[in-house]
Amino acid sequence: MDKTQPHPLFKLATELGPLLVFFFVNAKFNLFAATGAFMVAIVAAMIASYVVTRHIPIMAIVTGVIVLVFGTLTLVLHDETFIKVKPTIIYGLFAAILGGGLLFGRSFIAVMFDQMFNLTPQGWRILTLRWALFFAGMAVLNEIVWRTQSTDFWVNFKVFGVTPLTMVFAIAQMPLTKRYHLDPVSLETSEAEAGDVRKG
């Protein structure tokens, strides 16, 4: 199925919207109310994404499922530990998937991030390793913050710390994607030449 490319602001809204809902509801009420609102906002963001693009990125699906599971545990057991450890689980899972894929010679970063650019095999390996290490680092950082700081500090870190860190890291990868960019025309030519060799 062809995927409609949404406006960048729409993509930003579906990614940051639920986090902002989480922040403001926590500031107004408490973490448990914020958790419920966050769950609703995550589902609404995924529905909006599907309505507009007829597609939901795999990373958003995985994140959404974990949010719903750990959010439900938080509310049912009335224990904020579950929602606080949720980012650790998500980051750890992504790091394990990317790192495990590399061990078997696979680069899953394109699938996870739903990217539309082409890289050489070496480029994909380097990018995958970098993101695996980044996610592992974020998992450790989340554990340190929620275990040593107040709930309000953790919420602020989640909204205003994690997002900028991720954006800065992503932007820092642009030189790598340019360096190892694979021109589609060159790729088609190489495939055609390979086909001629096989026929010969």
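This briefing describes the helices, aromatic pairs and selected residues of one protein structure. The model is predicted. The protein has ten helices and zero strands, and its pattern along the sequence reads α-α-α-α-α-α-α-α-α-α. Of its 200 residues, 36% count as buried. Among contacts between residues at least 6 apart in sequence, 68% join residues at least 24 apart.

**Helices α3 and α4**

- Helix α3 covers residues 58-77 and helix α4 covers residues 81-103; their axes come within 9 Å and cross at roughly 155 degrees. Because of that angle, α3 is roughly antiparallel to α4.
- The crossing in which α3 passes α4 is right-handed.
- On the α3 side, the contact is formed by M59, V62, T63, I66, V67, F70, G71, L73, T74 and L77. On the α4 side, the residues are F82, I83, V85, K86, I89, I90, L93 and F94.
- Sorted by class, the contact of α3 with α4 contains 14 nonpolar, three polar and one charged residues.

**Helices α4 and α7**

- Helix α7 spans residues 151-160 and packs with α4 at an angle of about 35 degrees, the two axes being 12 Å apart.
- The crossing of α4 and α7 is left-handed.
- From α4, the residues I83, K84, K86 and P87 take part in this contact, and from α7 the residues T151, W154 and K158.
- By class, the contact of α4 with α7 divides into three nonpolar, one polar and three charged residues.
- I83 and K86 of α4 appear in the contact with α7, and I83 and K86 also appear in the contact of α4 with α3.

**Helices α6 and α8**

- The axes of α6 and α8 come within 12 Å of each other and cross at roughly 165 degrees. The angle is over 145 degrees, which means that α6 is roughly antiparallel to α8.
- The crossing of α6 and α8 is right-handed.
- R130, W131, F134, M138 and L141 of α6 are in contact with V162, L165, T166, F169 and A170 of α8.
- The classes represented in the contact of α6 with α8 are nonpolar, with eight residues, polar, with one, and charged, with one.

**Aromatic pairs**

- A pair of aromatic rings is described by the distance of the centres and the angle of the planes.
- Eleven aromatic pairs are found in a search of the whole structure.
- One of the pairs joins F94 and F135, which are 5.4 Å apart centre to centre, with 55 degrees between the planes; this pair is tilted.
- F94 lies in helix α4 and F135 lies in helix α6 (residues 121-148), so this pair ties together parts that are 41 residues apart in sequence. Both F94 and F135 are buried.
- The ring centres of W131 and F169 are 4.7 Å apart and the planes stand at 80 degrees, so this pair is edge-to-face.
- W131 belongs to helix α6 and F169 to helix α8 (residues 162-172), so the pair ties together parts that are 38 residues apart in sequence.
- W131 is buried, because its relative accessible area of 7% is under 20%. F169, with a relative accessible area of 18%, is also buried.
- Ring pairs link Y91, F94, W131, F134, F135 and F169 into a cluster. Of the residues in this cluster, W131, F134 and F169 also take part in the contact of α6 with α8, while F94 takes part in the contact of α3 with α4.

**Residue V21**

- V21 is located in helix α1 (residues 8-28). With a relative accessible area of 31%, V21 is partly exposed.
- Leaving aside residues up to four places away in sequence, V21 touches A37 and A41.
- V21 and V159 are 138 residues apart along the chain, and their C-alpha atoms are separated by 9.9 Å.

**Loop residues with positive phi**

- R54 is situated in the loop between α2 (31-53) and α3. Although R54 is not a glycine, its phi is positive, at about 60 degrees. R54 counts as partly exposed, with 47% relative accessibility.
- H78 is situated in the loop between α3 and α4. The phi of H78 is near 50 degrees, a positive value in a residue other than glycine. With a relative accessible area of 57%, H78 is exposed.

Note on methods:
Residues are numbered from 1 along each chain as its sequence is written. This is a predicted model: local features need pLDDT of at least 70, side-chain atom pairs count only at pLDDT 80 or more; totals for chains, interfaces and linings use all residues. Side-chain values use heavy atoms; hydrogens and water are left out. Axes are lines fitted to C-alpha atoms, for helices over the stretch in contact, and angles run from 0 to 180 degrees between N-to-C directions. Helices (H or I, at least four residues) and strands (E, at least two) are DSSP runs, numbered from the N terminus. Angles under 35 degrees count as roughly parallel, over 145 as roughly antiparallel, 65 to 115 as roughly perpendicular and the rest as oblique. A crossing is left-handed if the near helix is turned anticlockwise from the far one by less than a right angle, and right-handed if clockwise. Contact means heavy atoms within 4.5 Å. Ala, Val, Leu, Ile, Met, Phe, Trp, Tyr, Cys and Pro count as nonpolar, Asp, Glu, Lys and Arg as charged, and the others, Gly among them, as polar. Rings of Phe, Tyr and Trp (its six-membered ring) pair if their centres lie within 6.5 Å; planes under 30 degrees apart count as stacked, over 60 as edge-to-face and the rest as tilted. Buried means under 20% relative accessible area, exposed over 50%, partly exposed in between (1.4 Å probe, protein chains only).
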